[in-house]
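Thank you all for coming. Today I would like to walk slowly through one chain, looking at its pocket and then at its surface, so please keep the picture in view while I talk.

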Amino acid sequence: MMTLAFFLLGGLAGIFAWLYIDRFIPNLQQEIYQNYIELYPENRYLFHRKKAAIQSQKCGHIFLYFLGFGLCFAVLYYFLQDELFTLWLAITFSLFFVISWLDWHYQLISPTPCLFLFFLGLFGAHQEFSILTLSQSLESAVSFFSVFYIIYHLVSDCQVDISCNFSGLCSEQKKICFTL
C-alpha cells in the first residue's frame, strides 16, 4: 500500500516537474518583457515575445513524467523501506532532474529549484541523512554564497554600455576589467 502511495506521490511530483519545465521559458520571456518595458517604456511596441531568440522546446508528454517519477519514487521506497529518507532522496533526485533538464536544453539554471535543493540539503543534514552535519552544511552554504557574491560583484562592475541613436547605429563603450 505504501508503494502505491509513493507511486502516486511520485506521479504528482512528475506533474509539478512537467509544469515547471513547460512554463519555464514563457515565464522567463514575461520577466524579460516586464524588465524591458520598465527600462525602456518608449520602445514598448518594438519588443515582441513571439520573436524572442529563446523559445520553448517540447519536454515530453505529462503522462511520461507521471509514470517516470512515480516509478522512481516506488522503486526507491521498495528498496529502502524508510518513508522519510525515501521521500527526501526522491525529491532530491526530482530537483536534480529539473535543474539538469533546464541546463541541458537552455543552458540556464533557475534559482528556485536550487533554493529548494539547498533547503532539502539542510533538512537532510538535520535528519542525519547526509554525511555532513548541520553546521558543516551551513558553513558550506555560507562559503558558496560568499564566493558567488564576490564573483557576481566583480562581474557586475564590468558591464557594457550600449547607446543607440535613432538611425539604429549602436556604439559600445566597454569598461576595462580583469578576467577570472
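What volume does the largest pocket have? In this model, which is a predicted one, the largest pocket has a volume of about 570 Å³. It is lined by 18 residues, and those closest to its centre are Cys114, Leu115, Phe118, Phe144 and Phe145. If we ask which elements give two or more residues to this lining, they are α5, covering 111-126, and α6, covering 134-156, and the largest share, seven residues, comes from α5. As for the character of the lining, 13 of its residues are nonpolar and five are polar, while no charged residue takes part.

Let me turn now to the surface. Here Leu115, Phe119, Phe144, Phe145, Phe148, Tyr149, Ile150 and Tyr152 make a nonpolar patch of about 910 Å². Both α5 and α6 supply at least two residues of this patch, but here the largest share, six residues, comes from α6, the helix in which Phe148 is found. You may recognise some names, since Leu115, Phe144 and Phe145 belong to the patch and are also listed among the residues closest to the centre of the pocket.

Finally, let us step back to the whole chain. It has six helices and two strands, and, read from the N terminus on, the elements run α-α-α-α-α-α-β-β. Of the 180 residues in the chain, 22% are buried.

Key
Residues are numbered from 1 along each chain as its sequence is written. This is a predicted model: local features need pLDDT of at least 70, side-chain atom pairs count only at pLDDT 80 or more; totals for chains, interfaces and linings use all residues. Side-chain values use heavy atoms; hydrogens and water are left out. On a 1 Å grid over the protein atoms alone, a cavity is a set of points where a 1.4 Å probe fits but cannot get out, and a pocket is an open set with protein on both sides within 12 Å along at least five of seven lines; lining residues have an atom within 4 Å of a point. Grid points are joined across faces, edges and corners, and a volume is the space filled by probe spheres set on the points. Helices (H or I, at least four residues) and strands (E, at least two) are DSSP runs, numbered from the N terminus. Ala, Val, Leu, Ile, Met, Phe, Trp, Tyr, Cys and Pro count as nonpolar, Asp, Glu, Lys and Arg as charged, and the others, Gly among them, as polar. Patches are made of residues with over 30% relative accessible area and no salt bridge: like charges are joined within 9 Å, nonpolar side chains (Val, Leu, Ile, Met, Phe, Trp, Tyr) within 5 Å. Accessible areas come from the Shrake-Rupley method with a 1.4 Å probe; for residues, only the protein chains shown count as cover. A salt bridge is a side-chain nitrogen of Lys or Arg within 4 Å of a carboxyl oxygen of Asp or Glu. Buried means under 20% relative accessible area, exposed over 50%, partly exposed in between (1.4 Å probe, protein chains only).
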